[in-house]
Amino acid sequence: MSSKSTFNREVREFWYPKYNKNGYPHLQQGVILNPERNKEFSPFILMAEDWYKRGVFADHPHRGFQTVTYVVDGRLEHIDNAGGYSLLDAGDVQYMNAGWAARHAEEAFDDDLIHTLQVWLNLPKSLKQTETSYQNIRVEDAPVVNVDGGTVRVYSGDIAGVTGPMKSLVPITMSEITLSEGTDYTHFLPENHNAFLFMLAGEMEFGESKTKIAKTGAATLSFIEEGSESNPSELKIKALTRSKVLIYSGVPIREEIAFGGPFVMNTQEEIREAFRDLQQGKFGPPAVKK
């Protein structure tokens with residue numbers, strides 16, 4: 001038996017995002033993970049929290065990355081130009097691999113006010129030209145593990161003895177942890193995964209340092225980049241009040257990133273090529289409701 005001790009994660013940095021009131025129909029937005037710091041967050045590029053009515057995220061293209069959209073409240077209507085259509089409710093998650101040419105719409109359904117959290121997840125150069133795909137993870141399809149004083153809902157990865165249903169091209173973990181006041185819980189992640197958390201409700205302490213983070217707080221966690229996927233690390237959590245937190249993790253992708261609006265590639269020439277392909281109709285017809 002190995003004598004190697006388990007790596008204990010600590011909060012590296014935490015912050016509270018500023019929220020911009022944009023006016024109707026994009027009522028409010030906060031940038032949780034700033035894309036200017038993408039090297040620190042890799043494989044994650046950005047995270048945005050949005051409140052909006054219909055008409056904000058109509059037909060638009062993407063290339064070169066993946067999205068993971070968590071519905072906090074309201075009904076999210078998804079339409080893509082391959083004929084896909086779905087409605088997602090609170091607690092549901094949509095995974096999209098934009099790959100080489102996604103074109104879709106993410107709208108508030110009917111007269112709903114939708115509240116979402118969307119993560120942009122990078123693709124390595126070798127996967128940026130893959131086929132576009134979508135996967136809906138319904139809240140009831142994500143396995144739930146009961147722990148003392150709470151639950152762990154697993155959307156992606158091998159967590160707490162279960163496997164989440166998300167089929168990301170770049171393996172990640174995504175968990176929603178709900179704890180009652182005073183509950184202690186230890187969350188295990190592969191030691192080589194870069195990880196961050198976002199507080200949905202309440203207040204918790206993290207790590208042996210007992211760093212306190214409350215609702216809307218975000219944090220990055222220490223990790224061992226040269227470590228092993230098979231070695232676990234642990235994050236100690238204590239709920240100071242009735243609380244809920246999302247925790248994401250993944251292996252960093254150490255490649256150059258080029259941004260261009262809805263595209264994430266490795267070079268600016270690839271960004272220009274994406275815009276040319278869009279103008280030449282290679283992304284296909286608009287995504288509109290039939």
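Here is a short exchange about strands, salt bridges and one loop residue in a predicted model.

Trainee: Happy to start with the open sheet: which strands stand at its edges?
Mentor: Good place to begin! Seven strands make up this antiparallel sheet, in the order β3-β4-β5-β12-β7-β10-β13. An edge strand here has a single partner, so one of its sides is left without a neighbour in the sheet. The strands that fit are β3 (19–21) and β13 (133–137).

Trainee: Within that sheet, which residue of β5 does Gln-28 stand opposite?
Mentor: Strand β4 covers residues 28–33, and five bridges join it to β5. The two strands run antiparallel. Opposite Gln-28 in β5 stands Trp-51.

Trainee: Now β23: are its residues Ala-218, Ala-219, Thr-220 and Leu-221 buried or exposed?
Mentor: In a regular strand, side chains alternate between the two faces of the sheet. In β23, Ala-218 and Thr-220 lie on one side, while Ala-219 and Leu-221 lie on the other. Both faces are covered, and these four residues are all buried.

Trainee: And which residue in β23 is the bridge partner of Glu-13?
Mentor: Strand β2 (residues 11–15) pairs with β23 in the antiparallel sense over four bridges. Strand β20 (residues 194–201) is also joined to β23 by four bridges, with Leu-197 opposite Ala-219. For Glu-13, the partner is Thr-220.

Trainee: On to charges: how far apart in sequence are the parts tied together by Lys-53 and Asp-111?
Mentor: The side chains of Lys-53 and Asp-111 meet in a salt bridge of 3.2 Å, N to O. Lys-53 is buried, with a relative accessible area of 13%, whereas Asp-111 is exposed at 57%. Lys-53 lies in the loop between β5 and β6 and Asp-111 in the loop between β11 (102–108) and β12 (114–122), so the parts tied together are separated in sequence by 58 residues.

Trainee: Which residue forms a salt bridge with Arg-103?
Mentor: Arg-103 counts as buried, at 15% relative accessibility. Its partner is partly exposed, with a relative accessible area of 28%. The closest N and O atoms of the pair are 2.9 Å apart, and the partner is Asp-59.

Trainee: Last one: how far apart in space are Val-56 and Ala-108, C-alpha to C-alpha?
Mentor: Val-56 sits in the loop between β5 (44–52) and β6 (60–62), and counts as partly exposed at 22% relative accessibility. Among the residues Val-56 touches is Glu-107. Val-56 and Ala-108 are 52 residues apart in sequence, and their C-alpha distance is 8.4 Å.

How values were computed
Residues are numbered from 1 along each chain as its sequence is written. This is a predicted model: local features need pLDDT of at least 70, side-chain atom pairs count only at pLDDT 80 or more; totals for chains, interfaces and linings use all residues. Side-chain values use heavy atoms; hydrogens and water are left out. Buried means under 20% relative accessible area, exposed over 50%, partly exposed in between (1.4 Å probe, protein chains only). Contact means heavy atoms within 4.5 Å. Two strands pair if DSSP finds at least two bridges between them. A salt bridge is a side-chain nitrogen of Lys or Arg within 4 Å of a carboxyl oxygen of Asp or Glu. Lists of a residue's contacts leave out its neighbours within four places in sequence.
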